[in-house]
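Student: I should like to learn how to read the features of a structure such as this one. Could you guide me through them?

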Amino acid sequence: MIGNKAWYIAACWHQQGSPPIGNFDNVSQGTRRERIVLPTMSPGTERSLQVLRFGAEGARPKAYLQASIHADELPAMLVLNHLVERLSRAAGDGAIRGEVVVVPVANPIGLAQFVQGRAMGRFALAGSGNFNRHFPDLAQSLDEGIAGRLSDDAAANVSVLRAAMGDALKAMQPADEVAWLRHVLLGLALDADIALDLHCDSEAVLHLYLGTPLWPQAADLSAQIGSQATLLATVSGGQPFDEAVGGPWWALAERFPGYPIPAACLSATVEYRGRSDVSEITAAADADNLFRFLQRRAVVDGDPGPLPGAICEATPLDGVHMIRSPVSGVIAYGKEPGDAVAAGEVVAVVVDPMNADFTGARTDLISRCDGILYGRSADRLARPGKVLCKIAGTESLPDRHAGALLTD
Ligand SMILES: [Zn+2]
């Protein structure tokens with residue numbers, strides 16, 4: 001377990017211009033803890049990130065995991081809490097072969113947002129938008145001159161591009177506290193071999209978002225964590241964290257086709273079911289699966305055991321039917337998360353409670369595809385345009401386009 005020893009306050013990143021490396025508190029053998037202070041936005045306030053590092057700095061492979069950039073998605077925090085306990089034990093045993101970096105609470109800004117007694121952690125109330133969008137595009141930040149430093153050596157190209165993207169990030173000057181948060185998180189993850197961003201949905205089964213170029217080599221992640229819907233996109237749109245970390249590799253490979261540039265980071269968003277699915281038993285099992293995945297990828301020593309059979313095949317994110325309500329009213333679902341649905345089947349009914357003669361009071365919401373209903377809104381009040389259900393179909397839908405595939 002992590003001890004209670006006092007920790008150092010690393011200098012503000014905006015004063016240093018680079019991540020504060022070196023101000024660590026060694027909390028136990030092989031485990032270091034760092035505190036990164038975000039710039040103060042108003043007098044008397046200060047927010048910080050805690051970063052836990054396991055194994056030797058710079059050792060490979062490097063895995064990075066963060067929880068709850070959407071601050072009120074608490075199942076993710078509990079999973080990492082259990083994983084940290086396992087990693088701490090492994091570090092004490094000298095079993096961390098690479099390096100593991102964990103940010104157990106990725107969004108202290110959103111965690112402080114309460115409205116009418118409820119945590120509101122998806123959008124910044126101060127106006128900076130969805131916390132998991134608008135991460136810097138590091139591929140775009142590199143100019144054409146970088147080609148002069150590339151060669152036929154794929155591993156050397158990875159090193160050159162990682163360093164160049166790191167330099168590009170340091171040169172950026174974020175405009176506000178949320179931009180700084182994104183900047184710091186990306187800086188911690190951008191040189192990772194594996195980067196996992198842990199979330200949850202509203203009401204959902206466990207599902208996974210991956211870059212299409214990472215498939216099928218990331219099939220072991222999907223199977224190990226027990227994903228019930230694994231959704232692939234080359235560009236989802238909006239620059240979420242996982243694409244900001246992983247996406248530059250395939251963007252640069254396309255831009256410089258004369259040089260070998262591999263997909264050097266297995267970057268993914270893991271959705272740990274629904275907002276209320278907070279359970280010690282489930283979180284412990286999920287942490288076991290992440291730990292076994294890290295063993296399987298040689299980040300941590302030890303036998304992960306046989307790979308579980310995959311629950312689902314990967315399907316295209318542009319094959320997801322996001323069913324939006326055309327009307328306002330009370331939602332009554334006919335299908336549960338995890339249910340298979342058929343094209344033409346009614347998955348929910350929206351009832352207009354003001355309709356006095358009951359004619360047309362009910363609006364059926366119908367699936368356009370065969371697939372798995374993997375997520376639905378926990379809120380039972382429909383408004384026109386609101387996404388109520390998400391169904392993973394196997395075929396791309398004509399009105400779903402790259403760059404606009406996620407909900408707001
Ligand atoms: Zn989320």
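Tutor: The dialogue below takes up the metal site, the open and enclosed spaces, and some details of the backbone.

Tutor: This is a predicted model, in which local features need pLDDT of at least 70, side-chain atom pairs count only at pLDDT 80 or more, and totals for chains, interfaces and linings use all residues. Residues are numbered from 1 along each chain as its sequence is written, and side-chain values use heavy atoms, with hydrogens and water left out.

Student: Which atoms coordinate the zinc ion?

Tutor: Donors are N, O and S atoms within 2.8 Å of the metal (3.2 Å for Na, K and Ca); water is not among the atoms, so sites may look incomplete. Here the zinc ion is held by ND1 of H70, two OE atoms of E73 and ND1 of H199, at 2.1 to 2.5 Å. Along the sequence, these donor residues follow the spacing H-x2-E-x125-H. E73 belongs to the loop between β4 (62-67) and α2 (74-92), and H199 to strand β10 (194-201), so this pair ties together parts that are 126 residues apart in sequence. Helices (H or I, at least four residues) and strands (E, at least two) are DSSP runs, numbered from the N terminus.

Student: What is the arrangement of the four donor atoms around the zinc ion?

Tutor: Four donors count as tetrahedral if all angles lie between 85 and 135 degrees; four count as square planar and six as octahedral if opposite donors are over 155 degrees apart and all others between 65 and 115; anything else is irregular. In this site the angles subtended by the four donor atoms are 55 to 146°, which makes the arrangement irregular.

Student: Is E73 buried or exposed?

Tutor: Buried means under 20% relative accessible area, exposed over 50%, and partly exposed in between (1.4 Å probe, protein chains only). E73 is buried, as its relative accessible area is 1%. H199 also counts as buried, at 1% relative accessibility.

Student: What is the volume of the largest pocket?

Tutor: On a 1 Å grid over the protein atoms alone, a cavity is a set of points where a 1.4 Å probe fits but cannot get out, and a pocket is an open set with protein on both sides within 12 Å along at least five of seven lines; lining residues have an atom within 4 Å of a point. Grid points are joined across faces, edges and corners, and a volume is the space filled by probe spheres set on the points. The largest pocket has a volume of about 1400 Å³. Its lining comprises 46 residues, of which R122, S202, R275, T407 and D408 lie nearest the centre.

Student: How do the residues of this lining divide by type?

Tutor: Ala, Val, Leu, Ile, Met, Phe, Trp, Tyr, Cys and Pro count as nonpolar, Asp, Glu, Lys and Arg as charged, and the others, Gly among them, as polar. For the largest pocket the division is 15 nonpolar, 12 polar and 19 charged. Among the elements that each supply at least two lining residues are β10, α8 (241-255) and β14 (266-274).

Student: How many cavities of 30 Å³ or more are there?

Tutor: The count is three. The largest cavity holds about 50 Å³ of space, and its lining includes Y209, W250 and L317. That lining divides into six nonpolar, three polar and two charged residues. The second largest cavity holds about 40 Å³; P75, Y272 and R273 are among the residues that line this cavity.

Student: Where are the cis peptide bonds that join R60 to P61 and W215 to P216, and what else should I read in the backbone?

Tutor: The bond between R60 and P61 is cis, with omega about 0°, and P61 is placed in the loop between β3 (48-55) and β4. The bond between W215 and P216 is cis as well, with omega about 10°, and P216 is placed in the loop between β12 (207-211) and α7 (219-225). Phi can also be read: R273 has a positive value near 65° in a residue other than glycine, and R273 is found in strand β14. Q116 likewise has a positive phi, near 50°, and counts as exposed at 80% relative accessibility.
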